[in-house]
Amino acid sequence: MRIFKNKGEFTKFQILAKIAQQEPHLKQKDIADELGITVQAVSENIKSLVKDGYVETGTSNFRYKITKYGIDKVKTDAINLKSYSDMVLTVMNGYKLIWPAIAAEDLHQGEQVWLNMDDGILYADTEDKSGAYAEVFSDALEGEDVTLINLGGEIDLVPKDVVIVKIPPIAEGGSRACDMDKINEIYAQDFDRIGVLGTSARAITNQLNVYPDFEFATAEATCSAAEKGLRVLVFAVGKMTNRITSRLEEKGIVYCIEDVKKL
């Protein structure tokens, strides 16, 4: 359904509706302030409305007066606008807020389930009975993704800290300039995910015989994992660490940087 040809047509409708209120001392500045446009824009639009026969100027005690044609136009546009608005609301009301999870058991439509986060993955089951809950929208077998609606409650997630191992850039020796004993001590800590950023950083994980969980969009992946309660270790080259720390600071996630360059 097409209501107005462009933004300018909608502005004219708004100005015409304002004039239709028949305020005797209505000024162009009043209209401009209310619509958030310039006085010049109001003036140009009023000239156009006068030319089209929708508005008269300088009649009786009114600065501007809407004509019969103007009244008909406002009514028609308002009815069309309302019909369009009603149609949009009808469509949007047909949508249900849905959320996906992994079924921890066979689930059936209409069942109430409880949600928990395990290793960064959202699971739904009928046993937990605490925290966040939802209703099963359609049947799902154990291990499948299940569609959930009518979500409520909260999942208790505590963001974990991030450890960033700063690797020297290749111009400063790259992986060969690293203190591998120190790196092994750091890696021996308990981490849920490993990320890399930069070729020399990937060389370090190769030496550790570790395949990284992510090496592309590392800053975003690190933030997402930490927010889901996973502790992340990231190997990043030189100033590339700034890409990660800036995103972590935006999210309010705690981090530390370990410089492993040989002394």
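**Loops, helices and cysteines**

Colleague: Happy to look at this predicted model with you! Is Ala-217 buried or exposed?
Modeller: The relative accessible area of Ala-217 is 59%. The cut-off for this class is over 50%, so Ala-217 counts as exposed.

Colleague: Thanks! And where does Ala-217 sit?
Modeller: Ala-217 is worth a look, as its phi is positive at about 50° although it is not a glycine. Most residues other than glycine have a negative phi. As for its place, Ala-217 lies in the loop between α6 and α7.

Colleague: Which residue in the loop between α6 (199-207) and α7 has a positive phi of about 60°?
Modeller: The residue in question is not a glycine either. It has a relative accessible area of 71%, so it is exposed. With its place between α6 (199-207) and α7 and its phi of about 60°, the residue is Asn-209.

Colleague: Let's move on to α7. How does Glu-227 count in terms of exposure?
Modeller: Glu-227 belongs to helix α7, which covers residues 218-227. Its relative accessibility is 35%, and the class between 20% and 50% is the middle one. Glu-227 therefore counts as partly exposed.

Colleague: How far apart in space are Glu-227 and Ile-31?
Modeller: In sequence, 196 residues separate Glu-227 and Ile-31. In space, taken from C-alpha to C-alpha, the distance between Glu-227 and Ile-31 is 47 Å.

Colleague: Now for packing. How are helices α1 and α3 oriented to each other?
Modeller: The axes of α1 (residues 7-19) and α3 (residues 39-51) come within 10 Å of each other. They cross at roughly 80°, and angles of 65 to 115 degrees form one class. That makes the orientation of α1 to α3 roughly perpendicular.

Colleague: What is the make-up of the residues in the contact of α1 with α3?
Modeller: On the α1 side the contact uses Gly-8, Thr-11, Lys-12, Ile-15 and Leu-16. On the α3 side it uses Val-42, Asn-45, Ile-46, Ser-48 and Leu-49. Sorted by type, these residues come out as five nonpolar, four polar and one charged.

Colleague: How far does α3 reach from its first C-alpha to its last?
Modeller: Helix α3 has 13 residues, and at 1.5 Å a residue 18 Å is expected. Its span is close to that expected value, at 18 Å.

Colleague: Which residue just after α3 takes a positive phi?
Modeller: Within α3, the buried residues are Val-42, Ser-43, Asn-45, Ile-46, Ser-48 and Leu-49. Just after the helix, a positive phi of about 85° is taken by Gly-53.

Colleague: Good. Which residues does Asp-77 touch, leaving out those up to four places away in sequence?
Modeller: Asp-77 is part of helix α4, residues 68-93. With a relative accessible area of 10%, Asp-77 is buried. Beyond its sequence neighbours, the residues Asp-77 touches are Phe-4 and Phe-13.

Colleague: Last one: how many disulfides are there?
Modeller: A pair of cysteine sulfur atoms has to lie within 2.5 Å to count. Cys-178, which is buried at 2% relative accessible area, has its closest cysteine sulfur 16 Å away in Cys-256, too far for a bond. Cys-256 is partly exposed at 31%, and it is in no disulfide, with the nearest cysteine sulfur, that of Cys-223, 15 Å away. The disulfide count comes to zero.

Methods. Residues are numbered from 1 along each chain as its sequence is written. This is a predicted model: local features need pLDDT of at least 70, side-chain atom pairs count only at pLDDT 80 or more; totals for chains, interfaces and linings use all residues. Side-chain values use heavy atoms; hydrogens and water are left out. Axes are lines fitted to C-alpha atoms, for helices over the stretch in contact, and angles run from 0 to 180 degrees between N-to-C directions. Helices (H or I, at least four residues) and strands (E, at least two) are DSSP runs, numbered from the N terminus. Angles under 35 degrees count as roughly parallel, over 145 as roughly antiparallel, 65 to 115 as roughly perpendicular and the rest as oblique. Contact means heavy atoms within 4.5 Å. Ala, Val, Leu, Ile, Met, Phe, Trp, Tyr, Cys and Pro count as nonpolar, Asp, Glu, Lys and Arg as charged, and the others, Gly among them, as polar. Buried means under 20% relative accessible area, exposed over 50%, partly exposed in between (1.4 Å probe, protein chains only). The expected span of a helix is 1.5 Å times one less than its number of residues.
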